[in-house]
Amino acid sequence: MQKGSPAYQQKLVQWPTLFGPNRTGATEVSVPAIWPDEGPELRWEVEVGTGYGSPVTAENRVIFSHRVDDKEWVQCHDGRDGSVIWKTPLETDAVCDFEYSDGPYSTPVIDLQRRSVYHFSGSGTLLSLDLDSGHIKWRRDLREDYAVEPELFPPGATPLLDDDQLIFSLGGAKQEAGVVSLQADDGATRWSCTEHKAAYTTPIVAERFDQGFCFVMTAEGLVCLNPSSGTVDWEIPHRSKAPMSYNSVSPLVWNDLVLMVTGPGPGAICVKINADRSYEVQWKNRRLLDSQYTNLLLSDGHVFGFTSAGQGGAELRCIEFATGELKWKYHSVLRRAQGLIAGEAMFFLGERGHLASLQRSHNEAKVLSFTQDPLMQADCYCSPAIIEDGIVLKDEDRVAVFDLRR
């Protein structure tokens, strides 16, 4: 059976894009969630440079980006032994004026249908790479094309692959290219819209009432648009007024409801989408959930997310999507963790490098396993990914795959 065939792909654990195959931070595919007291066994590791982009997986490969000196690298490793399949460099001049990484901030996107990998660099260049060789298929200097003005931090939105287009928050405000859509095949612009600056989020597309809806969290707030044309239906201002604060939490969609979260300050707003493409506020709460950059997880009509550091040092909370009712909360050394759901378990990489697994439950916070010592170097800002019987973790020193087989 060939590796490119659909039957082969279905047998493999896939995490091909940021927040998983459905952009909900969850998959029905299971990986083992209980490990020995000393922690899961290290399968392999590799040293990397800077960057907050997360790893992704497909066909038992691990793909990630990082920066060393004036080059960003996108590279592909065998998920079983860590051997390098390919490495592709890209010149970069991205600079962060504060004590954070100079990038890259965006996460690669794997396109199995076109055998491509898309990478948005810290200097505003979008690349399409061949999945099997790493050769560059096409590139666009979007910073130059749309006169994108530099912000305090390098650009870092992750594109959404929606059928044959890539949609993301670019921030070309002067040329009404706050949000853009590019052809996946050649990078040509399909449409652009809004005068919004960019956020560190990824869009989500949903089919409701026999219509397509695209929800994009920009620097100003939530935008609802038609993914086919880029026509904007409405905008909801929603952003923090805190210094050096950017929208960094991607929206979630469940049934006809959309949840946006940002912190510190504004908190959570849930809106109901109507068949005429209008909306009405379902509920809102400033203190219930005010995630700053950690991703939200969706399961069984419930949301799992971390509060900001201002709420007692951050804690994990479970909230009913439709009502905003708080089901439970869990305080731990994880602080502001990045996580995912795989089958019946939730996995979290803590801010200081600890790995934990909890039962996927909206009734209680039940811990399954928790490493006594950190596995990764603080501070950890990258989301984990799953692979065959394992989990992939990344910080600004290394990428590591840990075996979860008992």
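**View 1. V205 faces C214 across a strand pair.** V205 stands opposite C214, which sits in β16. In this predicted model, local features need pLDDT of at least 70 and side-chain atom pairs need 80 or more, while totals for chains, interfaces and linings use all residues. Residues are numbered from 1 along each chain as its sequence is written, and side-chain values use heavy atoms, without hydrogens or water. A206 has its own opposite number in β16, namely F213. Strands here are DSSP runs of E, at least two residues long, numbered from the N terminus, and two of them pair if DSSP finds at least two bridges between them. β15 and β16 (residues 211-217) run antiparallel and are joined by 5 bridges. The two make a hairpin with 2 residues in between, and F209 in that turn has a positive phi of about 55 degrees.

**View 2. Zooming out to the sheet around β15 and β16.** The strands line up as β15-β16-β17-β18, an open sheet of 4 with antiparallel pairing. β15 (204-208) and β18 (232-237) are the edge strands, each with a single partner, so one side of each has no neighbour in the sheet. From one strand to the next the twist averages 20 degrees (axes are lines fitted to C-alpha atoms, and angles run from 0 to 180 degrees between N-to-C directions). Look in the loop between β16 and β17 (221-225) and you'll find E220. This residue is partly exposed, at 26% relative accessible area (buried is under 20%, exposed over 50%, partly exposed in between, using a 1.4 Å probe and protein chains only). E220 lies 134 residues away from H354 in sequence and 33 Å away in space, C-alpha to C-alpha.

**View 3. Two cysteines that don't bond.** The structure has 0 disulfides (a disulfide being a pair of cysteine sulfur atoms within 2.5 Å). For C214, the closest cysteine sulfur belongs to C224 and is 8.2 Å away, too far for a bond. Both residues are tucked away: C214 is buried at 0% relative accessibility, and C224 is buried too, with a relative accessible area of 0%.

**View 4. β27, a covered strand with partners.** Strand β27 (residues 338-342) is mostly covered, with 5 of its 5 residues buried. In a regular strand, side chains alternate between the two faces of the sheet. Here, Q338, L340 and A342 are on one side and G339 and I341 on the other, and all of them are buried, so both faces are covered. Strand β1 (residues 26-27) pairs with β27 in the parallel sense over 2 bridges, and T27 has A342 as its bridge partner. Strand β28 (residues 345-349) pairs with β27 in the antiparallel sense, over 5 bridges, with M346 as the bridge partner of I341. A hairpin links β27 and β28 with 2 residues between them, and G343 in the turn has a positive phi of about 70 degrees.

**View 5. A closed space inside.** There is 1 cavity of 30 Å³ or more (on a 1 Å grid over the protein atoms alone, a set of points where a 1.4 Å probe fits but cannot get out, with lining residues having an atom within 4 Å of a point). The largest cavity holds about 40 Å³, counted as the space filled by probe spheres set on the points, which are joined across faces, edges and corners. Its lining is made of F19, R23, V249, S250, P251, L252, N295 and L296. These lining residues split into 5 nonpolar, 2 polar and 1 charged (Ala, Val, Leu, Ile, Met, Phe, Trp, Tyr, Cys and Pro count as nonpolar, Asp, Glu, Lys and Arg as charged, and the others as polar).

Key: On a 1 Å grid over the protein atoms alone, a cavity is a set of points where a 1.4 Å probe fits but cannot get out, and a pocket is an open set with protein on both sides within 12 Å along at least five of seven lines; lining residues have an atom within 4 Å of a point.
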